[in-house]
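Subject: Structure for your review

Dear colleague,

Please find below the structure that I am handing over to you. I should be grateful if you would read the notes beneath it with the structure in view.

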Amino acid sequence: MKRISTRRHIAAPPDAVWRVLTDPVRLTDGTGITRLDGSIARGARFRLWAEVSGARGFAIRVTDFDPPRHMVWHSGMPLGLFRGRRSFTLTPAGHGTDFAMEEVFTGPLLPLIWKSMPDLQP
């Protein structure tokens with residue numbers, strides 16, 4: 001298992017941050033996501049392209065959706081050969097939001113795929 005995570009304090013209330021996280025157009029503005037086809041909602045499936053993956057898109061399924069607190073995205077290969085689970089957690093903090101994002105990668109092909117993955121931490 002490999003894990004990437006980040007935490008930030010955002011000077012906006014959780015519902016404002018949630019609106020950005022679930023808006024495909026706004027989510028592509030300076031986040032490293034270059035394109036997103038579909039909607040981000042409970043049980044939704046969408047396709048996402050990122051700067052680090054070039055022309056390769058990822059099929060993603062929203063598996064947990066608790067506005068404006070928590071959301072989980074899943075993607076990966078058939079038979080669990082490689083899986084990614086990205087979770088977003090928003091916690092009210094004063095007049096803003098403590099934002100946490102974590103991505104966990106698993107599966108038998110992880111050692112091979114991890115070697116070819118770019119640095120996702122930024």
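The notes that follow describe the core, the salt bridges and some individual residues.

This is a predicted model, in which local features need pLDDT of at least 70 and side-chain atom pairs count only at pLDDT 80 or more, while totals for chains, interfaces and linings use all residues. Residues are numbered from 1 along each chain as its sequence is written, and side-chain values use heavy atoms, with hydrogens and water left out.

I begin with the core. The largest nonpolar core (a set of buried Ala, Val, Leu, Ile, Met, Phe, Trp, Tyr and Cys residues joined through side-chain atoms within 4.5 Å) has 22 residues, and Met71 and Trp73 have the most contacts inside it. At least two residues of this core come from each of α1, β2 (33–37), β3 (45–50), β4, β5, β6 and β7; helices (H or I, at least four residues) and strands (E, at least two) are DSSP runs, numbered from the N terminus. The largest share, four residues, is supplied by α1. In soluble globular proteins, nonpolar side chains tend to be buried together.

Helix α1 spans residues 14–21, and its buried residues are Pro14, Ala16, Val17, Trp18 and Leu21. Buried means under 20% relative accessible area, exposed over 50%, and partly exposed in between (1.4 Å probe, protein chains only). The elements against which these residues pack include β1 (2–10), α2 (24–27) and β4 (57–66).

There are four salt bridges in the structure, each being a side-chain nitrogen of Lys or Arg within 4 Å of a carboxyl oxygen of Asp or Glu. One of them joins arginine 3 and glutamate 102 at 2.8 Å, N to O. This pair links distant parts of the chain, since arginine 3 is in strand β1 and glutamate 102 in strand β7, 99 residues apart. Another is formed by arginine 86 and glutamate 103, whose closest N and O atoms are 2.6 Å apart. Arginine 86 lies in β6 and glutamate 103 in β7, so this pair ties together parts that are 17 residues apart in sequence. Arginine 86 is partly exposed at 25% relative accessibility, whereas glutamate 103 is buried at 12%.

Two loops also deserve a look. Proline 67 and proline 68 are joined by a cis peptide bond, with omega about -15 degrees; proline 68 is in the loop between β4 and β5. Leucine 79, in the loop between β5 and β6, has a positive phi of about 60 degrees although it is not a glycine. Leucine 79 is exposed, with a relative accessible area of 85%.

Yours sincerely

Conventions
Contact means heavy atoms within 4.5 Å.
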